[in-house]
Amino acid sequence: MTDLGHARYCDEIERQTDLLRAVLIDADLSAEVPTCPEWTLGRLARHVGGAHRWAEAIVRTKASEAVPEDQVPGITGPGDAEPAALDTWLEEGARKLADTLRAAGPQTGAWSWGADQRAAFWARRMTHETVVHRADAALTAGIAFEVEPEVAADTVDEWLEIVAWSQSTGADEQANELRGAGRSLHLHATDVPDAEWLIEFGEDGFTWRHAHEKATVALRGPLADVLRVFYRRLPADSDRVEVLGDAELLDFWLERASFG
């Protein structure tokens, strides 16, 4: 498993939240988010801030099972009519989470819904949760989405690991369908050296690695846009990216690797 390191994740939780806050502060919080059906920007903000507080409670208490949301103080957050209070609430939640993770260190045991039952899981997951929802907010507000290359690449890595784990455990029926020998998918960032992934389908599931090889279908474009397509935040037929080969295979992957 590759990652950016615990200290970097703690910093990124705060940094990515600050960038999200910058999008939200002057935005219409009642605006509907195209990539999150039935969500408004206000609901998206409360989802992110609530997730931060939930994760913080899990790590702080060294929980051995999921913490009920109704036991997490302040998890609901202010309403849309209080944008300044909502902004402060987001900042405080991210800071508390980052501080708790720093104090705990990556090895502290903490329940998670994934394979890694340590604080390290939550540092990485909350970083990328915030990154992807920042992409949602930027799209809704009509502004450009930018993200540092190493953060974007790790966001792709982590999701591949999560989908592979889900398939290996049978935790998600859709992920279990990601199989079929002789097919492959290549992700190729055109603006970042070595930011490439090869996903290979087999009879027993799929595997992935960083590689530049010919595949059944290739998705090419700037890394931030490849990331958005991969997370279904940008249509695969967008003119910001290029799909070469069997586009139906890319659709097959996106439809089945989008759980959660």
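Trainee: Is glutamate 148 buried, partly exposed or exposed?

Mentor: Keep in mind that we're reading a predicted model. The general idea is that buried means under 20% relative accessible area and exposed means over 50%, with partly exposed in between. Glutamate 148 counts as partly exposed because its relative accessibility is 29%.

Trainee: Which side chain does glutamate 148 meet in a salt bridge?

Mentor: First the principle: side chains of opposite charge can pair when their charged atoms come close. Here the partner is arginine 8, at 2.9 Å from N to O. Arginine 8 sits in helix H1 (residues 6–24) and glutamate 148 in the loop between H4 and H5, so this pair ties together parts that are 140 residues apart in sequence. Arginine 8 has 23% relative accessibility, so it counts as partly exposed.

Trainee: Which residues are linked with Arg8 and Glu148 in a network of salt bridges?

Mentor: Glu12, Arg15 and Glu150 join Arg8 and Glu148 in that network. For the whole structure, the count is 26 salt bridges.

Trainee: Where do aspartate 99 and arginine 102 lie?

Mentor: Both are in helix H3 (residues 83–104), 3 residues apart, which is about one turn of the helix. They form a salt bridge, with the closest N and O atoms 3.0 Å apart. Aspartate 99 is partly exposed at 40% relative accessible area, and arginine 102 is partly exposed at 35%.

Trainee: What about arginine 256: which residue does it form a salt bridge with?

Mentor: That would be glutamate 177, with the closest N and O atoms 2.6 Å apart. Arginine 256 is in helix H8 (residues 247–256) and glutamate 177 in the loop between helix H6 (173–176) and strand S1 (183–189), so the pair ties together parts that are 79 residues apart in sequence. Arginine 256 counts as buried at 18% relative accessibility, whereas glutamate 177 is partly exposed at 40%.

Trainee: Now for charges on the surface. Which residues form a negative surface patch?

Mentor: For a patch, like charges are joined within 9 Å, using residues with no salt bridge. Here, Asp237, Asp246, Glu248 and Asp251 form one. Aspartate 237 is in the loop between helix H7 (223–230) and strand S5 (242–245), and its 69% relative accessibility makes it exposed.

Trainee: And threonine 140: buried or exposed?

Mentor: Buried, at 19% relative accessibility. Threonine 140 is in helix H4 (residues 119–141). Setting aside neighbours within four places in sequence, threonine 140 touches Ala31, Glu32, Val33, Pro34 and Leu41.

Conventions:
Residues numbered from 1 in each chain as written. Predicted model: local features only at pLDDT ≥ 70, side-chain atom pairs only at ≥ 80, totals over all residues. Heavy atoms only, no water. Helix = DSSP H or I, 4+ residues; strand = E, 2+ residues; numbered from the N terminus. Buried < 20%, exposed > 50% of the residue type's maximum accessible area, 1.4 Å probe, protein only. Contact = heavy atoms within 4.5 Å. Patch = residues over 30% accessible without salt bridge, like charges linked within 9 Å, V, L, I, M, F, W, Y side chains within 5 Å. Areas by Shrake-Rupley, 256 points an atom, 1.4 Å probe, with all protein chains shown as cover. Salt bridge = Lys/Arg side-chain N within 4 Å of Asp/Glu carboxyl O. Lys, Arg positive; Asp, Glu negative; His and termini not counted. Charge placed at Lys NZ, Arg CZ, Asp CG, Glu CD.
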